[in-house]
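This report describes one protein chain for a reader at the bench. It takes up a surface patch, charged pairs, the overall fold, a pocket and several details of the backbone.

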Amino acid sequence: MNGSAEASGTAAEPAGGKKRGTRRFPLWTRDTARPEGGGRAAPGDAPAPARQWPLISVLAVTGLGLLLTAFDVFRIGTMLVGLALIGGAVLRWALPGVGMLAVRSRFTDMVTYGLLGLVIVLLAMMAQPDPWLRIPFLQDTLHFTVR
């Protein structure tokens with residue numbers, strides 16, 4: 001090394017007076033970075049609900065599903081909750097900025113929303129009585145584990 005880096009972990013100013021960037025992490029983190037895609041989903045002059053429409057749409061479908069579940073339409077309501085999560089995964093994949101729907105990295109959000117949504121939909125379809133989906137090996141597995 002030519003001695004141009006300081007001990008604090010930031011780059012020193014070269015002879016030209018312009019600060020040279022470094023790829024090294026700083027010794028002290030002062031702030032947290034926004035998740036990738038965590039910018040506004042609409043321009044800054046739009047009202048707050050319009051800037052957060054991806055999150056509001058996922059929450060609206062989830063609320064409708066919970067309302068249906070409360071009115072004893074359990075299977076359809078629960079499937080709507082799962083489909084809302086799958087929709088959140090699709091929005092996270094398709095849009096460059098999704099506002100507060102972005103929590104972690106794009107990949108982690110997509111996998112988390114997608115898997116949870118899929119599991120909720122599958123469990124709703126397998127719920128008793130009269131399941132819409134039957135997986136034969138699950139009943140055999142249950143009978144094998146519970147005696």
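On the surface of this predicted model, a nonpolar patch is formed by Leu-64, Leu-67, Phe-71, Val-73, Ile-76 and Trp-132. Together these residues offer about 610 Å² of accessible area. One of them, Val-73, sits in the loop between α2 (53–70) and α3 (74–94). Val-73 counts as partly exposed because its relative accessibility is 34%, which lies between the limits of 20% for buried and 50% for exposed residues.

**Overall architecture**

The chain contains five helices and zero strands. Read along the sequence, the pattern is therefore α-α-α-α-α. Of the 147 residues in the chain, 26% are buried. The accessible surface of the chain amounts to about 10800 Å², and carbon and sulfur atoms account for 67% of that surface. Contacts across the sequence can also be described: among those between residues at least 6 apart, 50% join residues at least 24 apart.

**Salt bridges**

Side chains of opposite charge can pair when their charged atoms come close. How many salt bridges does the structure hold? There are two salt bridges in the structure.

In one salt bridge, Asp-109 pairs with Arg-92, and the closest N and O atoms are 2.8 Å apart. This pair links distant parts of the chain, since Asp-109 belongs to helix α4 (residues 106–126) and Arg-92 to helix α3, with their positions 17 residues apart in sequence. Both Asp-109 and Arg-92 are buried.

A salt bridge also joins the side chains of Arg-104 and Asp-109, with an N to O distance of 3.1 Å. Through shared partners, the salt bridges join Arg-92, Arg-104 and Asp-109 into one network. Are Asp-109 and Arg-104 buried or exposed, wholly or in part? Asp-109 is buried because its relative accessible area is 0%, whereas Arg-104 counts as partly exposed because its relative accessibility is 32%.

**The largest pocket**

The largest pocket encloses about 240 Å³ of space. Its lining is made of 10 residues, and those closest to the pocket centre are Gln-128, Arg-134, Ile-135, Leu-138 and Gln-139. Helix α5 (residues 136–145) supplies the largest share of this lining, with four residues.

**Backbone details in two loops**

Gln-128, already named among the residues closest to the pocket centre, also takes part in a cis peptide bond. The bond runs from Gln-128 to Pro-129 and has an omega near -5°. Pro-129 is found in the loop between α4 and α5.

Asp-130 lies in that loop between α4 and α5 as well, and has a positive phi although it is not a glycine. Asp-72 likewise has a positive phi without being a glycine, but its place is the loop between α2 and α3, where Val-73 of the nonpolar patch is also located. The table sets out the values for these two aspartates.

| Residue | Phi | Relative accessibility |
|---|---|---|
| Asp-72 | about 70° | 69% |
| Asp-130 | about 60° | 60% |

Asp-72 counts as exposed because its relative accessibility of 69% is over the 50% limit. Asp-130, at 60% relative accessibility, counts as exposed for the corresponding reason.

**Contacts of Ile-120**

Where is Ile-120 placed? Ile-120 is part of helix α4, the helix that also carries Asp-109. With 24% relative accessibility, Ile-120 counts as partly exposed. That value is not under 20%, so Ile-120 does not count as buried.

Once neighbours within four places in sequence are left aside, Ile-120 is in contact with Thr-78, Val-81, Gly-82 and Leu-85. The separation from Leu-83 is given in two ways: Ile-120 and Leu-83 are 37 residues apart in sequence, and their C-alpha atoms are 8.5 Å apart in space.

Key:
Residues numbered from 1 in each chain as written. Predicted model: local features only at pLDDT ≥ 70, side-chain atom pairs only at ≥ 80, totals over all residues. Heavy atoms only, no water. Patch = residues over 30% accessible without salt bridge, like charges linked within 9 Å, V, L, I, M, F, W, Y side chains within 5 Å. Areas by Shrake-Rupley, 256 points an atom, 1.4 Å probe, with all protein chains shown as cover. Salt bridge = Lys/Arg side-chain N within 4 Å of Asp/Glu carboxyl O. Buried < 20%, exposed > 50% of the residue type's maximum accessible area, 1.4 Å probe, protein only. Contact = heavy atoms within 4.5 Å. 1 Å grid on protein atoms, 1.4 Å probe; cavity = no way out; pocket = protein on both sides within 12 Å on 5 of 7 lines; lining within 4 Å. Points joined across faces, edges and corners; volume = space filled by probe spheres on them.
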